[in-house]
Structures are given as C-alpha cells and as structure tokens.
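Look over the sequence and the model first. This report then goes through open spaces, enclosed space, cores and local details.

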Amino acid sequence: MRVLCLLVVVCASVVYAQAGDDPEVVRARAGIEKLRALVEAGAVPRAELQKAEAQIADAEDAAFLRKTLYGSDLTVEQTDDMMAAAQRRFDRRKAAFDEAHKLVEAGVAPELSLGTFLDELDRARREFSLAESRARLAMDLAAMARAEESLENKLSEEPAEAPRIAERFDGDGVFTPGIFSKVEAAFERHFGKSLPVSAMGETAVHRALGFDHTGRVDVAINPDQPEGVWLREYLTKNRIPFFAFRQAVPGKATGAHIHLGPMSTHLKLGG
C-alpha cells in the first residue's frame, strides 16, 4: 500500500510539473529518487521507474518550451535546445502511438483507443512546426540587428559605403504607436493583408545582441520588392523615419528589412 501511495505521489508531481514552472519539476525529480530506491530494493518493477523518468523528462521539456516557444524571451542561443525539446516530445508521442497501434493490430485494444494517441501526436507535430517557425524568426531578428550594427559601423568608419547597406530617411524624427497604427492600416488597405511585423519594440534577441530596440518596429519586407517600394514611398511621403536594409553582414542571413523609427541604440551595461 505504501508503494502504491508513493507511485501516486510521483505521478501527481509529474502532472503538476507539466502545468507549473521549473520548481515543480525539481520536486518531481526529488520524488523519483525515492522510487529509484524502491526499484533497487526490488519492491517496485523497473518498468515503473522508466515510465516515471520518461514522464519527468517530458515535463522538463514542456517547462522549457513554456519559457521559450510560448514565452517572450527566446534568444538565438536557445533555438537549438528549443527545437530539440519539441522533437523529443514529438518522438515520445510517436512511440506511444506506435505501441498503441501494435495492440490494435494484435486485437488486444479497439481501434477507437487510437484517438487520444493521434490527437496528442498531432499536437506535438504542430508544436514542433511552431518551434521551427519561432527559431527562424529569432535567426531573422538576429540578422536584422546585425544589419543595423553593420550600418552603424559603416557610418562611423566608411560613411560613403553606408548607402550600399541601407537607405536612411530621418523624416520628422518622430515615430509613435499612433503613427505605426496608421502605417499598418494603410498597408492593409493597399495589399489586403497585415503588415509582416517581425519585431515590435524590444525583444530578447535585441537585448542579447546589446541593442535597445524600444519604440522601434522591424518589418520583414525586402525594400526593393513591390511591398517594400510602396512602404518606403508611403513613409517618405508622410515624413516617417525609417532605415531600409538591403543586406546584412557578409556570410550571414540577408537581414533585408525595413526598420521604422530611429536607429536602435546600444544598451548601456552595468548601470
């Protein structure tokens, strides 16, 4: 009876870990150490320990994805780990579905029993696809930030080369949320779709690279494509400051985008 109670406690801890934050995962891991001792003593089958360990590993991956994939502080350095966590969760659900399918083929379980496994597998597949998209966005933001850094270096070291990287328009020097709303509305009226904003204000990627992007907006449009040409003309006509980036640092992603507002400034570290 005590062994059964312990198993219930461990499983409950895992459930809470999946719904809570990292401290819950820590508590779940503490509980599994007791289960491991029972297994070593021969009081509990090793399969139960393996099952509990897999549940905790999945809970840890879920906690990490809550902070990265579903959070707002994803950095480029975290993208590989985020993708790996999403892949592991998909692989676990694929393995569970395969095992359930074997039982159906063997006539041990009804085909209807596959429904839950299929739903979980589909959710994991969508989660992995979302992780891929989020990782690409983080990489794109990094490329855009490096493009701005490259322009800043050219302005100070080789000002004659700066126009090759970006077109600069200072306009009235004013950019506010109200102005941006007008830009969004005009773009949507003209093209029948939303403005493809990649960064609205400060992001974790900009902070990690040392840039203060507060009050600025990056739009994922190539300035020389029809949408980019229209946007540059609209911004110029309405005297809205922007930087239209055509390239990034050599060897990196293109980084082509249109930056609305003043150029990002470097963060002041240590005070």
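A pocket, as used here, is an open set of grid points with protein on both sides within 12 Å along at least five of seven lines, and its lining residues have an atom within 4 Å of a point. The model is predicted.

## Pockets and cavity

Start with the second largest pocket. Its lining consists of Tyr70, Arg89, Arg93, Glu120, Arg123, Ala124, Arg126 and Glu127. Six of these residues are charged, two are nonpolar and none is polar. Helix 5 gives the largest share, five residues. Helix 4 also supplies at least two.

The largest pocket has eleven lining residues. Gln55, Asp58, Arg93, Ala96 and Glu120 lie nearest its centre. Helix 3 (46-67), helix 4 (79-105) and helix 5 each contribute at least two residues to this lining. The largest share is that of helix 3, with four residues. Arg93 and Glu120 line the largest pocket, and Arg93 and Glu120 also appear in the lining of the second largest.

What is enclosed rather than open? The count gives one cavity of 30 Å³ or more. Val76, Glu77, Ala142, Arg146, Val205, Ala208 and Leu209 line the largest cavity. Two elements give two or more residues to that lining: helix 5 (114-157) and helix 8 (204-208).

The table sets out volume and lining class for these spaces.

| Space | Volume | Nonpolar residues | Polar residues | Charged residues |
|---|---|---|---|---|
| Largest pocket | about 280 Å³ | three | three | five |
| Second largest pocket | about 160 Å³ | two | none | six |
| Largest cavity | about 30 Å³ | five | none | two |

## Nonpolar cores

In soluble globular proteins, nonpolar side chains tend to be buried together. The largest nonpolar core in this model holds 19 residues. Which members touch the most others? They are Val183, Leu195, Leu231, Leu235 and Leu260. Helix 7, strand 4, helix 9, strand 5 and strand 6 each supply at least two residues of this core. A second, separate core has 17 residues, including Ala86, Ala131, Ala138 and Val205. Val205 also lines the largest cavity.

Leu260 is worth a look in detail. Setting aside residues up to four places away in sequence, Leu260 touches Phe175, Phe180, Val183, Arg216, Val217, Val219, Leu235, Pro241 and Phe242. Among these contacts, Val183 and Leu235 are also on the list of members that touch the most others.

## Helix 9

Helix 9 covers residues 226-237, twelve in number. From first C-alpha to last, helix 9 reaches 16 Å, close to the 16 Å expected at 1.5 Å a residue. Its buried residues are Glu227, Gly228, Trp230, Leu231, Arg232, Tyr234 and Leu235. Those residues pack against strand 1 (166-169), helix 7 (177-191), strand 4 (217-219), strand 5 (242-245) and strand 6 (257-260). Just after helix 9, Arg239 has a positive phi of about 55 degrees.

## Gly201

Gly201 sits in the loop between strand 2 (197-200) and helix 8. Is Gly201 buried or exposed? Its relative accessible area is 11%, and buried means under 20%, so Gly201 is buried. Beyond neighbours within four places in sequence, Gly201 is in contact with His213, Thr214, Gly215 and Arg216. Arg216 is 15 residues from Gly201 along the chain, yet their C-alpha atoms are separated by 5.0 Å. Arg216 also touches Leu260.

Notes
Residues are numbered from 1 along each chain as its sequence is written. This is a predicted model: local features need pLDDT of at least 70, side-chain atom pairs count only at pLDDT 80 or more; totals for chains, interfaces and linings use all residues. Side-chain values use heavy atoms; hydrogens and water are left out. On a 1 Å grid over the protein atoms alone, a cavity is a set of points where a 1.4 Å probe fits but cannot get out, and a pocket is an open set with protein on both sides within 12 Å along at least five of seven lines; lining residues have an atom within 4 Å of a point. Grid points are joined across faces, edges and corners, and a volume is the space filled by probe spheres set on the points. Ala, Val, Leu, Ile, Met, Phe, Trp, Tyr, Cys and Pro count as nonpolar, Asp, Glu, Lys and Arg as charged, and the others, Gly among them, as polar. The expected span of a helix is 1.5 Å times one less than its number of residues. Buried means under 20% relative accessible area, exposed over 50%, partly exposed in between (1.4 Å probe, protein chains only). Contact means heavy atoms within 4.5 Å. A nonpolar core is a set of buried Ala, Val, Leu, Ile, Met, Phe, Trp, Tyr and Cys residues joined through side-chain atoms within 4.5 Å.
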